[in-house]
Amino acid sequence: MNRDWLPIKTTPWTLGLILLALLLLIQLTALPQRLDYWLYDRAITANPVNASDNVVLVTIDEPSLNRLGRWPWPRSLHAELIDKLTRAGARTIVFDVLFAEPSADDDALAAQMRNHGNVILPVYLSPPTSQYLLSEQLPVSTLATAAAGLGHAHVELDSDGVARGLYLFNGLGNRLWPSLALAARGAGPESPAARNIPPYVNVRDEYRAVPLIGGAGSLPSYSFAQVLSQPPAPERFSGKTVFVGATAAGLGDILPTPFSGLSRPMSGVEFHANVFSAQSRGLLMRRAPEWVSAVLALAMVLMYALALPPLRPARTLIACVSGAAALIGLYLFTLRVLGWWIPMANAMLVPLLAFPISSGLRLAMTNRFLNRQLDGLARSPQVALPAPSGRHPTQLLEHFIALFQPTGWLLTEERNVLSRQDLRPADIPEDLTPGLWLHDSNRSWIQLLRGGTRYHLGLALPNDLGREAIQRYLQRLHLEQTAPANRNSRHSENISARIERVRVATDRLNHMQQFIHRSFERMPDGIIVTDELGVIRFANGHIEEWFREPMPSLGGLPLVRLLEGHDPRETPPWHETVSDTLTLRQSRTVDLRIRDKDFLIHFAPFSLPDSNQQGIIANISDISELREQQRQHREAIDFISHDVRSPLVSQLALIEQLKRDPSHIEQSQLEQLSRLARRSYHLAEEFVQLARAEQLTETRFYECEFLAIVENARDSVSEQALEKQIQLQLQGTEDLWLRGNAELLERAVINLLTNAVQYSPGGSAISIQVYQAGHQACLAIADEGSGIDPEELPFLFDRYRRQKSSELAGVHGTGLGLSFVKTVVEKHRGEISVLSSPGDGSTFTLKLPIADPLA
C-alpha cells in the first residue's frame, strides 16, 4: 500500500468534520465542564464585586463558644441577641441556625422575634434518618409562627465540589421555599409550575451564580459573644440586614468557593450574606441554556471550516488567536454586563483545535507533495560520472589505449597475461603499491585489486613533450576500489528517514546547480538569460569581463540598455532585435563590437516547461580572432596578388624577351632575372615563416640556450654586415636557458639584425646585448640608422606594413619580418619594444621568460 493512499486535503468539509468529531469525543470527558468552571473562577476572582453596605454578620465563632459554653446554647441567648439588634436598629435578622427541637426558652425567643418583626429562620431539606425519605426540617411551630419568613439554606455544589451559586427556590411537593437571601427581601413560598409532584421529590428552580465579594472574612462580621457583652451599637447595625450563623470549625457547614477552593472554605452563613449582597445590587447571574453553548460551538466550527483553508499558516494562527480572544471578550461582556453565564468551553475549544488540525492537514498535504517530489527526484537522472575505480582492468586498458595511444602495454591477471605489446611480465617492477602509479622513464605501472584478484597494468608512453603531462594525469586518477559507505542503517523514526531523503535530494539539486553554474562559467562564450521583458536575470563571467560591468549591476538591467550603452546603432536598433525575438519567437544573429573587439550575439527565445514564462538566451561569441584571421587572409590575398605576382610577372616578361632573341643575352638581364627570383623566394620564405610562427604551440618547446641562439643569428648576417663594413658588437657571456623553439627564435633575431644592417649606414656599428633582468632573458639590438618616424611606430609590427621613408630610399621589404618577430615573441610569452627617433637610430628590446628550474 502506498503511504499516500489517504487523500487528505485542507477543505471546509474535511476541517469541519474533523473539528465536529473531536468536539463530540471531548463531550465524553469532563474537560468542557472543567474549562467552563475555570473560566468562571478566573473571571470572578480577577475583578471581585463590591459588598453591599447594608449587610453584616454575627458569627458563632470559637471565642463565642469559649465564653458562652458548648453548643447548643440556650435560646435565651438568641433572644437576648435579637433584643440587642432590635435596639441597635437592625432592619432584618436572618438566622442560619435550625431550631428544629422544642425548648423551654422558645416563648421568650418568639416574643423577641415578634418584637423585632422581621426575623427570618431557615428550612432544611433532609431525611431525619437514613431509613426515612427526604423531608422538610422546619423550625418549631412557636418560632415558625413568630418568624417573618422562612427560607431554605441549601447551597448548590458543582461537580468539582465548589460552591458557585444556588437555587432561589427549593422544596418538596407543591411548595418551594425561597432562599434565605430572597426571604430576607420579603419573598414567600411559591408553587412549582409542574403539578402532581410527589411530596418526597426535591424540586429546585431558578439557579443563580453568585459573584462573591472575596474569600472568607470579606464581609464585616462581629462575634456573637461580643455583641451580647456590649451595649447596642446602632452605628454597626442600624438599617442593615444581619446574618447570624456558625463559623466555628466543625459547627456549621463549610463551602469551597472560587476564591478559596479547599484551602480556606467559606461558612454557609457568609455565603448567604454574599447572595443577599449580590441580589440587592442586581448582580446575580443566570446560566444560559445548554443549546446556546451548542449553537455557539457549531457556529465557530462553521466559521473556521470556511475561513482557515485559504489562509496562510501565519494568518491561520492570527485567526485562531483572534477568535479565542473574541470569545473571551464576549464571555466577560455577557457575564459581567448582561448577567448571563454562557458556557464557552466548547466554543473556545474550536480555535484551540482548529490551528493544530489545519496545520496537520497542511503538513499532511505537504508531506504527500514532498513524497511525490522526492520520488521524482530519486527517479531523475543524476549529473554524475562513473568512477574509474569501478571499471575492470581490461576496460581501463582499452580506454587508456584509445586516449593516450601508448607505444606498448601489458595487462596481467595474477600470472596470466591478458594483453601485451612491446612489454613483458619481466618488466613489471617489484615494489608496486596497490592503487599507486610508478613511473620509470616513459613506462608507467600500477597494481590493482579486483575481487581478491591481483592485476598489473603497464603503459609505454610516447617519449615526447606530452609524456610528463600524461603521467601527472595518471597520478591524479583514483583506480583502487574503496569500501562502500554503510547505507544499510535504518532510521527508527519516519521523520529521520524523511530528513535523510530531503538531504539526499538537496545534495543532488545542489550538485546539479553547481554543475550548471560551472558549465556556464567554463563555456568559451558569454551567456545572458533574460525574462519575458528582456531584463537580465543571469550572466556568466565572460559578460562581466567583456562589458566591464560588475555582476551585481547586470542583474535586473534591461538587455537593450546594456547593448545600446556599449554598441549604439540605428539600423537595426537593439530594441527591435530583442522585441522581435520575444514577440515573434524567432532567433536572431547580430554583430557586436565592444572596445575594438568583434563579437557575434545570437538571440534565442525559450519557454520554461509547465509555465507561461519565457525569455531570451543570448549567446555572445568572441570572433575577434576569426575577424583578424579574415583580415589577414584578405591581406595575404592582396599581398600575393601584388607583391608576389609583380616580380613573377616581371620574370615572365623578361624570359619571353630572352626567348625572342636568345643570341643577345646581356649580363644585366640575367642579374635582373636573378634579383626578381630572389625577391620572389624571400617573399615566399617570409610568408611561410610567418605561418609557422602563427601555428607554434608549447608542445614544440624544448630547453634552449638564448646566448647561443643570438650568436648563431649574428653569424648568419655577418657576411651581409661585412659588405657594408658594419661591426656587429655582441656583449654577453651568461648562459640563459629558455623553454621554447630555438629555430624560430633564431629566425626572429636574424630578422632584427637584418633590418638593423639594412637600415644602417656603411661603416657604422650595431650593438647586440644579451643579459638577464629578473626572471627574463633580454636582447637589445641598437643601430645607428635613420630611425623611425613617430607616426609609424604604432603600426611597426603590423603585417604587410612598410615604412614610407624606407620605400622612398629604395629599401624594399616584404612587410612580414617584424610581424614574424612579434608573433614568435608572443608565442613564447615574451614582449618586444622599440625606441627610435629620426636621425638617432633605433633600439629593439626583446624579453623572454627564463625556464623555471623547479618545473
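The following paragraphs describe two nonpolar cores and one pair of helices in a predicted model.

In soluble globular proteins, nonpolar side chains tend to be buried together. The largest nonpolar core of this model holds 44 residues. Within this core, the residues that touch the most other members are Phe706, Leu752, Ile766, Leu779, Val821, Phe844 and Leu846. Several helices and strands supply at least two residues each: the helices are H23 (706-723), H24 (742-759) and H26 (817-827), and the strands are S29 (765-773), S30 (776-782), S31 (831-836) and S32 (842-849). Helix H24 gives the most to this core, contributing 10 residues.

Ile766 may be examined in more detail. Leaving aside residues up to four places away in sequence, Ile766 touches Ile726, Gln727, Leu728, Gln729, Ala756, Val757, Ser760, Ile781, Ala782 and Asp783. A second core, separate from the largest one, has 35 residues, among them Val56, Leu85, Ala88 and Leu109.

The pair of helices consists of H1 (residues 12-26) and H11 (residues 290-307). Their axes come within 8 Å and cross at roughly 150 degrees. An angle over 145 degrees counts as roughly antiparallel, and H1 and H11 are therefore roughly antiparallel to each other. The crossing of H1 with H11 is right-handed. On the side of H1, the contact is made by Pro12, Leu15, Gly16, Leu19, Leu20 and Leu23; H11 takes part through Ala297, Leu298, Val301, Tyr304, Ala305 and Leu306. Of the residues in this contact, 11 are nonpolar, one is polar and none is charged. Because Gly counts as polar, the polar residue in the contact is Gly16 of H1.

Technical notes:
Residues numbered from 1 in each chain as written. Predicted model: local features only at pLDDT ≥ 70, side-chain atom pairs only at ≥ 80, totals over all residues. Heavy atoms only, no water. Core = buried A, V, L, I, M, F, W, Y, C linked by side-chain atoms within 4.5 Å. Buried < 20%, exposed > 50% of the residue type's maximum accessible area, 1.4 Å probe, protein only. Helix = DSSP H or I, 4+ residues; strand = E, 2+ residues; numbered from the N terminus. Contact = heavy atoms within 4.5 Å. Axes fitted to C-alpha atoms, helices over the stretch in contact; angles between N-to-C directions. Parallel < 35°, antiparallel > 145°, perpendicular 65-115°, else oblique. Left-handed = near helix turned anticlockwise from the far one by under 90°.
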